[in-house]
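Grab a pen and work through these exercises with the structure open beside you. Each task comes with a step-by-step solution, so try it yourself before reading on.

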Amino acid sequence: MWEWHVESKDKDDPLASLYKASPQLLASLPPTLLYTAEFDPLRDEGEQFGRLLIQQGVDVQIRRFQSTIHGFFHHGKETNCPWHDDYSSLAIDILNSWLKQIVRKL
């Protein structure tokens with residue numbers, strides 16, 4: 001679906017879509033936390049991208065959240081999503097773990 005948001009002259013530019021990026025560029029990306037929603041038209045594409053990063057050796061955490069729609073994480077508080085705090089806490093825990101690993105290497 002990303003191609004709907006770029007001009008045709010930019011469709012092969014990796015800045016428009018990382019699907020067009022070289023394996024070397026993908027391998028250089030930082031650890032990635034990828035949340036998808038069960039009822040999101042972008043879910044499969046997002047999860048596919050996460051698997052592509054894993055193939056290139058990137059540390060990726062993919063989480064699909066059931067009974068959710070596109071934008072659930074960003075709009076969870078506004079829509080009174082009962083799971084929003086759990087999703088936020090999980091993201092904080094994963095990111096905190098990655099930051100601790102980085103600090104240990106310094």
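A residue counts as exposed when its relative accessible area is over 50%, as buried when that area is under 20%, and as partly exposed in between. Keep in mind that this is a predicted model.

**Exercise 1. Get your bearings**

Work out how many helices and strands the chain has, and in what order they come.

Solution.
- Start with the tally: the chain has four helices and two strands.
- Next, walk along the sequence, and the pattern reads α-β-α-β-α-α.
- Then look at burial: 27% of the 106 residues count as buried.
- Finish with the surface, about 7,400 Å² of it accessible, with 57% belonging to carbon and sulfur atoms.

**Exercise 2. Check the length of a helix**

Compare the expected span of helix α2 with the distance between its end C-alpha atoms.

Solution.
- Helix α2 runs over residues 43–55, which makes 13 residues.
- The expected span takes 1.5 Å times one less than the number of residues, so α2 should cover 18 Å.
- In the model, the end C-alpha atoms sit 19 Å apart, which agrees.
- What follows the helix? After α2 comes Gly-57, with a positive phi near 90°.

**Exercise 3. Find the buried face of α2**

List the buried residues of α2 and decide how they are arranged around the helix.

Solution.
- The buried set is Arg-43, Gly-46, Glu-47, Phe-49, Gly-50 and Leu-53.
- Look down the axis of α2: these buried residues fall within an arc of 155°, so they line one face of the helix.
- Now ask what covers them: the cover includes α1 (23–27), β1 (32–39) and β2 (60–69).
- Take Gly-46 as a test case: its relative accessibility is 19%, so Gly-46 counts as buried.
- Gly-46 also sits 7.6 Å from Leu-34, C-alpha to C-alpha, with their positions 12 residues apart in sequence.

**Exercise 4. Track down the salt bridges**

Find the salt bridges in the whole structure and say how accessible their partners are.

Solution.
- A quick reminder: side chains of opposite charge can pair when their charged atoms come close.
- The search turns up three salt bridges.
- One joins Lys-20 and Asp-12 at 3.4 Å, N to O. Lys-20 is partly exposed at 40%, while Asp-12, at 59%, is exposed because it passes the 50% cut-off.
- Another pairs Arg-43 with Asp-44 at 3.0 Å, N to O. Asp-44 is partly exposed, with a relative accessible area of 47%.
- Then there's Glu-47 with Arg-64, at 2.7 Å, N to O. Glu-47 belongs to helix α2 and Arg-64 to strand β2, so this pair ties together parts that are 17 residues apart in sequence.
- Check the accessibility of that pair too: Glu-47 is buried at 8%, whereas Arg-64 is partly exposed at 38%.

**Exercise 5. Look into the strands**

Which residues does Thr-32 contact, leaving aside its neighbours within four places in sequence?

Solution.
- Place the residue: Thr-32 is in strand β1.
- Its side chain reaches the backbone oxygen of Pro-30 at 2.9 Å.
- Beyond its sequence neighbours, Thr-32 is in contact with Leu-53, Val-58, Asp-59, Val-60, Gln-61 and Trp-98.
- Move over to strand β2, where you'll find Ser-67. Ser-67 isn't a glycine, yet its phi is positive, near 60°.
- Last, zoom out: among contacts with a separation of 6 or more, 58% join residues 24 or more positions apart.

Conventions. Residues numbered from 1 in each chain as written. Predicted model: local features only at pLDDT ≥ 70, side-chain atom pairs only at ≥ 80, totals over all residues. Heavy atoms only, no water. Buried < 20%, exposed > 50% of the residue type's maximum accessible area, 1.4 Å probe, protein only. Arc of directions from axis to C-beta. Contact = heavy atoms within 4.5 Å. Areas by Shrake-Rupley, 256 points an atom, 1.4 Å probe, with all protein chains shown as cover. Polar contact = N/O pair within 3.5 Å; in protein donor to acceptor, adjacent residues only side chain to side chain. Salt bridge = Lys/Arg side-chain N within 4 Å of Asp/Glu carboxyl O.
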